[in-house]
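Here's a quick tour of one protein chain, written for someone who likes to check the atoms as they read. Have the viewer open and follow along.

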Amino acid sequence: MIAVLAVVVLLVVAGGAYWFLRGSDEPAPTTAAPSGSAAAAEPTAGVTEPEEPAPSAAAPESSADPRFVKVGQCVRNDGVTGGKPKLLISGCAPKSYEVLRRIDGATSGERDAEAKCAKVEGYTNWYFFDSELDTLDFVLCLKQR
């Protein structure tokens, strides 16, 4: 009887540990496709060939992740057509997007991003990153090349 009880306790502890570790894999933060004022999926139509990310002096900024993009740099969309965008810092080639303005801080989604970029002259598309931590949120006002 004690052996059966010990096995049951061991299984409950192992199941709890599995549930706890599995629960720590949170889903990726919400992002939106680069979008114009009318069509959200249009910019994802042209996926360009991979290029080297722009060189940078600081190690954390050597990433091609759009979290590190600065005004004047370009990004490309490596996401699937009509799907979730995957922006990467790239060279300024045809069909890439030049960052005209970067707005750091809390964003509430598509309408907020569109409203923020409406004030930017010459923008054609926008992209936003919305995470659970508002300090990580940003909006990119883009111009397709």
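Which side chain meets that of Lys-116 in a salt bridge? The partner is Asp-112, with 3.1 Å from N to O. Keep in mind that this is a predicted model, so every value here is computed from predicted coordinates.

**Helix α2 and its inner side**

Lys-116 and Asp-112 sit four residues apart in helix α2, so about one helical turn separates them. The general rule behind that is simple: an α-helix has 3.6 residues a turn, so residues three or four places apart point the same way. Both partners also turn up in the list of buried residues of α2, which reads Asp-112, Ala-113, Lys-116 and Cys-117. These residues cover an arc of only 125 degrees around the axis, which puts them on the same side of α2. What lies over them? The cover includes β4, β5 (125–130) and β6.

**The overall layout**

Stepping back, the chain has two helices and six strands. Reading from the N terminus, the order is α-β-β-β-β-α-β-β. Of its 145 residues, 32% count as buried. Take the contacts with a separation of 6 or more: 59% of them are between residues 24 or more positions apart. The accessible surface comes to about 9200 Å², and carbon and sulfur atoms account for 61% of that.

**Two disulfides**

How many disulfides does the structure hold? There are two, and with the bonded cysteines numbered in sequence order the pairing is 1-2, 3-4. As a reminder, a disulfide is a covalent bond between the sulfur atoms of two cysteines.

Start with Cys-74 and Cys-92, whose sulfur atoms are 1.9 Å apart. This pair links distant parts of the chain, with Cys-74 in strand β2 (residues 74–77) and Cys-92 in the loop between β3 (87–90) and β4 (97–104), 18 residues apart. The torsion about their S-S bond is about 100 degrees, so this disulfide is right-handed. Are the two ends buried or exposed? Cys-74 is buried at a relative accessible area of 1%, while Cys-92 is partly exposed at 38%.

The other disulfide joins Cys-117 to Cys-141, with 2.1 Å from S to S. Here too distant parts of the chain are linked: Cys-117 belongs to helix α2 (residues 110–117) and Cys-141 to strand β6, 24 residues apart. With -95 degrees about the S-S bond, this link is left-handed. Cys-117 counts as buried at 0% relative accessibility, and Cys-141 is likewise buried at 0%.

**A buried leucine in β6**

Strand β6 (residues 138–144) also holds Leu-140. Leu-140 counts as buried because its relative accessibility is 0%, under the 20% cut-off. What does Leu-140 touch, leaving out residues up to four places away in sequence? The list includes Val-69, Leu-87 and Val-99, then Arg-101 and Arg-102, and also Cys-117, Asn-125, Trp-126 and Tyr-127. Cys-117 is thus both a contact of Leu-140 and one end of a disulfide. For a distance to check in your viewer, Leu-140 and Tyr-123 are 9.8 Å apart, C-alpha to C-alpha, at 17 residues apart in sequence.

**Salt bridges**

A search of the whole structure finds five salt bridges. Three of them, including the pair in α2, are set out here:

| Salt bridge | Closest N to O distance |
|---|---|
| Arg-76 and Asp-78 | 3.1 Å |
| Arg-102 and Asp-104 | 2.8 Å |
| Lys-116 and Asp-112 | 3.1 Å |

The ends of the Arg-76 bridge sit in different burial classes: Arg-76 is buried, with a relative accessible area of 5%, whereas Asp-78 counts as partly exposed at 24%. Asp-104, which pairs with Arg-102, is exposed, with a relative accessible area of 53%. Arg-102 is also on the contact list of Leu-140.

**A nonpolar patch outside**

Which residues form a nonpolar patch on the surface? They are Val-4, Val-8 and Val-12, with about 270 Å² of accessible area together. Val-4 is found in helix α1 (residues 2–23). Val-4 counts as exposed because its relative accessible area is 54%, over the 50% cut-off.

Note on methods. Residues are numbered from 1 along each chain as its sequence is written. This is a predicted model: local features need pLDDT of at least 70, side-chain atom pairs count only at pLDDT 80 or more; totals for chains, interfaces and linings use all residues. Side-chain values use heavy atoms; hydrogens and water are left out. Patches are made of residues with over 30% relative accessible area and no salt bridge: like charges are joined within 9 Å, nonpolar side chains (Val, Leu, Ile, Met, Phe, Trp, Tyr) within 5 Å. Accessible areas come from the Shrake-Rupley method with a 1.4 Å probe; for residues, only the protein chains shown count as cover. A salt bridge is a side-chain nitrogen of Lys or Arg within 4 Å of a carboxyl oxygen of Asp or Glu. Buried means under 20% relative accessible area, exposed over 50%, partly exposed in between (1.4 Å probe, protein chains only). Contact means heavy atoms within 4.5 Å. A disulfide is a pair of cysteine sulfur atoms within 2.5 Å. The arc is that of the directions from the helix axis to the C-beta atoms.
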